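Morning, everyone. I'd like to walk you through one structure today. Please have a look at it first.

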Amino acid sequence: MILEKIESLLKEVSEVSASNAEELEALRLKYLSKKGEINALMADFRNVAADQKKAVGMKINELKQTAIEHINALREQMETKNDDSEELDLTRTAYPIKLGTRHPLTIVRNEIIDIFSRMGFTLADGPEVEDDLHIFTKMNFAADHPARDMQDTFFISQHPNDVTKNILLRSHTSSVQARVMERTQPPIRIICPGRVYRNEAITARAHCFFHQVEGLYIDKNVSFTDLKQVLLTFSQEMFGPETQIRLRPSYFPFTEPSAEMDISCHICGGKGCGFCKHTGWVEILGCGMVDPNVLELCGIDSNVYSGYAFGLGVERITNLKYLVSDLRMFSENDTRFLKEFESAN
Ligand code: PHE
């Protein structure tokens with residue numbers, strides 16, 4: 001008797017169909033749920049005579065298996081049908097595109113530009129392959145100044161008897177100052193971001209190329225106080241309002257007086273730590289009042305005008321801001337490193 005019941009259910013279950021999700025669920029409940037037909041058979045199973053138990057058991061299993069497979073097949077059919085009927089978006093890419101991130105040096109350079117722009121500085125640009133005239137001569141470097149030496153400079157070509165005709169990779173962005181002063185009369189208020197090259201062995205702390213942002217302001221009555229205030233504002237915008245600055249006397253051929261500027265160490269707040277070598281200060285830039293010789297060499301009357309200039313290293317600022325300890329990371333294009341700056345973009 002029970003065998004007949006199973007046979008008829010088997011036939012029934014393999015012929016059922018469903019046209020929507022509700023009907024499918026109803027089928028599942030009818031056959032496969034706790035209170036469904038198959039479980040009811042299981043309950044009857046204990047009344048089956050011992051010698052038939054094996055055959056009946058196998059039939060019930062077959063029925064259960066058939067019900068599961070058939071209902072699953074119906075579900076699959078229904079799902080693929082739904083996909084087909086959806087409108088196709090032909091503009092969608094075939095695979096997800098991962099967006100890249102800005103390079104940390106670009107992020108920091110943009111931030112520097114942004115801060116100085118708000119103080120009225122405009123952008124100026126110049127060539128990376130430059131002549132000696134703009135890199136050294138007009139910047140008041142003496143003909144025998146050591147910076148002209150092969151040790152520091154990459155030469156593209158050297159003139160046999162006129163150093164000012166040498167062509168080289170610029171070793172600082174001060175050459176842009178010279179170019180702007182040549183063609184513009186004051187007031188001049190510019191920043192020049194750019195890549196510079198020096199003939200140095202590549203280590204964690206030095207590289208043969210890096211990035212600078214040069215600043216130049218020339219007008220009547222520009223004083224050292226103006227320079228100091230602009231640099232203080234920059235430092236506090238960049239590293240936080242509690243940042244302090246100090247200027248130490250220094251030397252550059254193109255500025256007089258010249259100074260190097262430190263900021264209070266933003267890791268320890270100036271108390272002294274391993275990062276600032278326990279001094280409480282870290283150096284970030286060079287600056288000074290434009291040497292009157294430079295103004296004259298570039299066609300600006302030094303009796304009427306005065307100015308200041310400063311130059312900072314973008315790598316240096318990035319190192320301080322993001323604690324990057326090895327300069328080489330900036331040019332290795334290791335995406336694991338670059339991805340760390342995703343949130344700063
Ligand atoms: N040109 C200098 C350097 O490369 C930086 C600097 C710029 C210093 C302007 C003073 C004024 O080191």
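I'll go through the domains, the sheet, the helices on it, the cores and then the cysteines.

A caution before the details: this is a predicted model.

Domains first. The chain is divided into domain 1, residues 2-87, and domain 2, residues 104-344. How far apart are the C-alpha centres of the two domains? They lie 80 Å apart.

Now the sheet. It is open and has 7 strands. Read across, the order is β1-β5-β6-β10-β9-β8-β7, and the pairing is mixed. Which strands sit at the edges? They are β1, at 122-123, and β7, at 245-252. Each of these pairs on one side only. As a reminder, strands of a sheet pair through backbone hydrogen bonds, either parallel or antiparallel.

Let's walk across, starting at β1. β1 and β5 run parallel, joined by 2 bridges. There, T122 has I190 of β5 as its bridge partner. Next comes β5 with β6. That pair is antiparallel, over 10 bridges. One position to click on is V196, which stands opposite F210 in β6.

Stay on β5 for a moment. Of its 10 residues, 8 are buried, so β5 is largely enclosed by the rest of the structure.

Jump to the other side of the sheet. β8, residues 255-264, and β9, residues 281-290, run antiparallel and share 8 bridges. S264 stands opposite W281 in β9. At the edge, β7 and β8 are antiparallel too, with 7 bridges. R246 stands opposite D262 in β8. What joins β7 to β8? A hairpin does, through 2 residues.

Now the helices on the sheet. Helix α5 covers residues 104-118. It lies across β1, β5, β6 and β10, and runs at about 165° to β5. Helix α8 covers residues 224-239. That helix lies across β7, β8, β9 and β10, at about 150° to β9.

On to the cores. In soluble globular proteins, nonpolar side chains tend to be buried together. Here, the largest nonpolar core has 43 residues. Which residues have the most contacts inside it? They are I112, F116, F234, I284, Y308, F310 and I317. Several elements give two or more residues to this core: α5, β6, α8, β8, β9, β10, α10 at 314-322 and α12 at 335-339. The top contributor is α5, with 7 residues.

Take Y308 as a worked case. Set aside its neighbours within four places in sequence. Y308 is then in contact with F121, G215, L216, Y217, V222, S223, D226, L227, V230, G288, M289 and V290.

There is also a second, separate core, of 24 residues. I190, L216, C298 and A309 are among its members. Recall that I190 is the bridge partner of T122.

Next, helix α7, residues 174-183. Is it mostly covered or mostly open? Mostly covered: 7 of its 10 residues are buried. Those are S174, S175, V176, Q177, A178, V180 and M181. They pack against β2 (129-131), α6 (132-135), β5, β6, α9 (292-297) and β10.

One residue in α7 deserves a closer look, and that is Q177. Why does Q177 count as buried? Because its relative accessibility is 2%, and the cut-off for buried is under 20%. What does Q177 touch, leaving aside neighbours within four places in sequence? It is in contact with M139, E214, L216 and A309. Of these, L216 and A309 are included in the second core.

Last, the cysteines. How many disulfides does the structure hold? The count is 0. Take C192. The nearest cysteine sulfur, on C298, is 12 Å away. C192 is buried, with a relative accessible area of 0%.

C268 is in no disulfide either. Its nearest cysteine sulfur belongs to C265, at 3.7 Å. Why is that pair not counted as a disulfide? Because the cut-off is within 2.5 Å, and this sulfur is 3.7 Å away. C268 is buried as well, with a relative accessible area of 12%.

To recap briefly. There are two domains, domain 1 and domain 2. An open, mixed sheet has 7 strands. Helices α5 and α8 lie across strands. The nonpolar cores have 43 residues and 24 residues. Disulfides: 0.

That's my tour. Over to you.

Conventions:
Residues are numbered from 1 along each chain as its sequence is written. This is a predicted model: local features need pLDDT of at least 70, side-chain atom pairs count only at pLDDT 80 or more; totals for chains, interfaces and linings use all residues. Side-chain values use heavy atoms; hydrogens and water are left out. Domain bounds come from an automatic or database domain assignment. Two strands pair if DSSP finds at least two bridges between them. Helices (H or I, at least four residues) and strands (E, at least two) are DSSP runs, numbered from the N terminus. Contact means heavy atoms within 4.5 Å. Axes are lines fitted to C-alpha atoms, for helices over the stretch in contact, and angles run from 0 to 180 degrees between N-to-C directions. A nonpolar core is a set of buried Ala, Val, Leu, Ile, Met, Phe, Trp, Tyr and Cys residues joined through side-chain atoms within 4.5 Å. Buried means under 20% relative accessible area, exposed over 50%, partly exposed in between (1.4 Å probe, protein chains only).
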